[in-house]
Amino acid sequence: MKLKLTLNNKVYHAKMLDTPLVKQIMDMCPFELKYQRSQEHEYYAKLPKPVDAKGSKQESKASKNQIWLFEDWNAFCLIFNDCDIAPWKIIHLGDVEEDISEELKKSPSYLKVKCEIDK
């Protein structure tokens with residue numbers, strides 16, 4: 001499964017994991033979210049609908065150019081710097097194929113991102 005992300009008039013592609021959770025998110029496409037910058041490692045936005053993450057592997061370490069879910073907030077997260085958010089846990093959803101981190105690092109505190117299925 002692939003996702004197409006459009007932000008700042010640039011297109012990025014993500015290879016998503018083949019999991020029931022990712023399928024739930026892909027079924028919401030297309031959607032556009034207003035993302036908020038959090039510290040110096042991510043942008044996050046609440047998904048349009050709640051998801052069921054039961055049985056998903058949760059971790060605390062993430063790498064730049066990855067997409068994650070913070071289940072407690074139903075937040076779809078784009079990571080632009082490696083991070084360890086322990087004691088909190090997140091769920092890995094996929095990896096952006098291009099280097100999106102440089103674009104996110106120079107973006108403002110809020111930005112809109114359109115998410116579509118990439119065929």
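From the N terminus on, the elements of this predicted model follow the order β-β-α-β-β-β-β-β-β-β-α-β. Colour the chain by secondary structure to follow them: the protein has 2 helices and 10 strands. Its radius of gyration is 13 Å, close to the 14 Å that the globule rule gives for 119 residues, so the protein is as compact as a globular protein of that length. Viewed along the principal axes, the C-alpha atoms fill a box of roughly 35 × 35 × 20 Å. Of the 119 residues, 48% count as buried.

**The barrel**

Select next the strands S1, S2, S9, S6, S7, S4, S3 and S10. Taken in that order, these 8 strands form a closed barrel with antiparallel pairing. Neighbouring strands of this sheet are turned against each other by 35 degrees on average, direction ignored. Strands of a sheet pair through backbone hydrogen bonds, either parallel or antiparallel.

**Around strand S10**

Display residues 110-117, which make up strand S10. Which strands should be shown beside S10? One is strand S1, residues 2-7, which pairs with S10 in the antiparallel sense over 4 bridges. To locate this pairing, label threonine 6, which stands opposite lysine 114 in S10. Another is strand S3, residues 31-38, which also runs antiparallel to S10 and is paired with S10 over 6 bridges. Here the residues to label are glutamine 36 and, opposite it in S10, tyrosine 110.

**Strands S6 and S7**

Move on to residues 66-70, strand S6, and residues 75-79, strand S7. The two strands run antiparallel and are joined by 5 bridges. Phenylalanine 70 has alanine 75 in S7 as its bridge partner.

**The largest pocket**

Keep S6 and S7 in view and turn to the largest pocket, which holds about 290 Å³ of space. Which residues are closest to its centre? Of the 15 residues that line the pocket, these are Ser38, His41, Glu42, Ile85 and Trp88. The elements that give two or more residues to the lining are strand S4 (42-46), S6 and S7. S7 gives the most, with 3 residues.

Finally, colour the lining of the largest pocket by residue class. The lining has 11 nonpolar, 3 polar and 1 charged residues.

Notes. Residues numbered from 1 in each chain as written. Predicted model: local features only at pLDDT ≥ 70, side-chain atom pairs only at ≥ 80, totals over all residues. Heavy atoms only, no water. Pairing = 2+ DSSP bridges. Axes fitted to C-alpha atoms, helices over the stretch in contact; angles between N-to-C directions. 1 Å grid on protein atoms, 1.4 Å probe; cavity = no way out; pocket = protein on both sides within 12 Å on 5 of 7 lines; lining within 4 Å. Points joined across faces, edges and corners; volume = space filled by probe spheres on them. Nonpolar A, V, L, I, M, F, W, Y, C, P; charged D, E, K, R; others polar. Rg over C-alpha atoms; globule rule 2.2 N^0.38 Å. Buried < 20%, exposed > 50% of the residue type's maximum accessible area, 1.4 Å probe, protein only.
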